[in-house]
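Student: Could we go through this structure together, taking the whole chain before its individual residues?

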Amino acid sequence: MDQAASLSRQAARLLPPVYDTAADLPDLPRDVEPWPCATAPRSGPQIAASLEKVQRSGGWRWPDRPVVFLSDPHADAEGFLRSLVASGAIRRTADRAGFALTAFGRQARIIVGGDCLDKGPSNLGMLDALASLRQSGADLQILAGNHDLRMRLAVEALRGPRSPLTDHLFMRMGRKILPALREVFERFVTPADMAALPPEPACKARLFPRPDWPENFARAARGQLRPEVIDKEIRKLLSKRRKFDAELARSGLSHRATLAAARKCHDVFFTPGGAYAWFYDNMDVVARSGSLLFVHAGLCDAMCALLSEGGTAAVNARYRDAAQGASLAFYFGPLANLVRTKYRASDLQLTARGVDMLHANGIHMVVQGHVNNHAGQRLLAKRGLLHLEGDITLDRTSRSLEGLDGIGAGATLIFPSGDVIGLSRDYPRAKHFAPDRLS
């Protein structure tokens, strides 16, 4: 522990200056401590075993420049921008109206780990902040999250011929999609768009799966999905269908307005030249730097094999192709598993075989979002592979529901020296991990 504490004191010097010109981050930690669990084999035997395996697999390789990892901003631009300030990557103006990259921000690679959409307070506001970061000259990579993918599936489900396999995908989003639709309705839907729609009952009928959907879905999905997945999908949909009208009323949207907004989303997000088409056009599903793989949720053996064969470029190309016109089989398949898995029994499996493939390929740790935490980042061994959970609950909606105060802020910083630092205003000290210098 003495060695780890000494390393952490040295790592504190790596923290870039924070230009908190709007005084938003009085509780951002600047003292650094050894990462809990990572330095105590007795409390983290699985982590210790994973670290030993790294050494047997050729050791670590670190990024050639700093990496800033943020994840799951969930439509909270303010949490996102405060996190960039906390990382030292940007300096905001005192009125918070704008920002510029710092010297560290110009040097760093910034990876956003998915789930930019849903929850609130503003989906389009979040995308505007992301657009400003792109325009600032930042080296930015955006990864897909399950909420981002489900928005795509929901919008596409309301276009073209109806099918039992896709007829429920809009309703499947439930209340989560309504704030985004309201924003799109208010900003983009025109009187002409509304005039082109049929009356309210017909619009409601288009939004809802047909009454015989459960039987038809079970028949159509047989052979594509496991029986237990089919049953779960039907139960989930029936529950959401019962609640949907009440949730729609709370949103202030009619069925006509909802259908108009959902169809407009296709123009805005998925049509070349659309106001936010850049968001999905520039979206990858995995990124790599040195021995680290960045992904929203996790992996299965099939994706470990594809990474070994073709690297991240092959995985990203295949995901991008499959996501266009995505089917339910895609959603439950290995590519979308990258943004969905929590290593549940119902998810596609990551086994020792897959982990061995990653180690042989020089990938020794997954840096992920998807699992939100209340006390900063967490380091775990999942299926025998190190995972760093970087979702630190940035958005106000989740924080209010889960008993956290204010707006979230923090980031995971990874340095070429092999130092990994987790910053969060929900944990009193910065967590430090230097795995290849631990004895």
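Tutor: Let us begin with the chain as a whole, bearing in mind that this is a predicted model. Of the 439 residues in the chain, 58% are buried.

Student: How does the radius of gyration of the chain relate to the globule rule, and what is its value?

Tutor: The chain holds 19 helices and 15 strands. For 439 residues the globule rule gives 22 Å, and the chain comes close to that figure, so it is as compact as a globular protein of that length. The radius of gyration asked for is 22 Å.

Student: What share of the contacts with a separation of 6 or more joins residues 24 or more positions apart?

Tutor: The C-alpha trace spans about 70 × 55 × 40 Å along its principal axes. Among contacts in the chain with a separation of 6 or more, the share from residues 24 or more positions apart is 72%.

Student: How far apart are the mean positions of the positive and negative charges?

Tutor: The chain carries 58 positive and 46 negative charges, and each set has its own mean position. The separation between these two mean positions is 3 Å.

Student: How many disulfides does the chain have, and why does Cys116 not form one with Cys265?

Tutor: A disulfide requires two cysteine sulfur atoms within 2.5 Å, whereas the closest cysteine sulfur to that of Cys116 belongs to Cys265 and lies 15 Å away, which is too far for a bond. For Cys265 the closest cysteine sulfur is in Cys203, again at 15 Å and too far for a bond. Cys116 is buried at 0% relative accessibility, and Cys265 is buried with a relative accessible area of 0%. By the distance rule, the number of disulfides is zero.

Student: Which residue follows Gly120 across a cis peptide bond?

Tutor: The peptide bond in question has omega near 20°. The residue that follows Gly120 lies in the loop between strand S5 (109-112) and H5, and that residue is Pro121.

Student: Is Asn123 buried or exposed?

Tutor: Asn123 belongs to helix H5, which covers residues 123-135. Leaving aside residues up to four places away in sequence, Asn123 touches Ala75, Leu117, Asp118, Pro179, Ala180 and Glu183. Its relative accessibility is 3%, and because buried means under 20%, Asn123 counts as buried.

Student: Is Thr393, with its positive phi, buried or exposed?

Tutor: Thr393 has a phi of about 60° although it is not a glycine, and it sits in the loop between strand S12 (385-389) and helix H19 (396-401). With a relative accessible area of 1%, Thr393 is buried.

Conventions
Residues numbered from 1 in each chain as written. Predicted model: local features only at pLDDT ≥ 70, side-chain atom pairs only at ≥ 80, totals over all residues. Heavy atoms only, no water. Helix = DSSP H or I, 4+ residues; strand = E, 2+ residues; numbered from the N terminus. Buried < 20%, exposed > 50% of the residue type's maximum accessible area, 1.4 Å probe, protein only. Contact = heavy atoms within 4.5 Å. Rg over C-alpha atoms; globule rule 2.2 N^0.38 Å. Lys, Arg positive; Asp, Glu negative; His and termini not counted. Charge placed at Lys NZ, Arg CZ, Asp CG, Glu CD.
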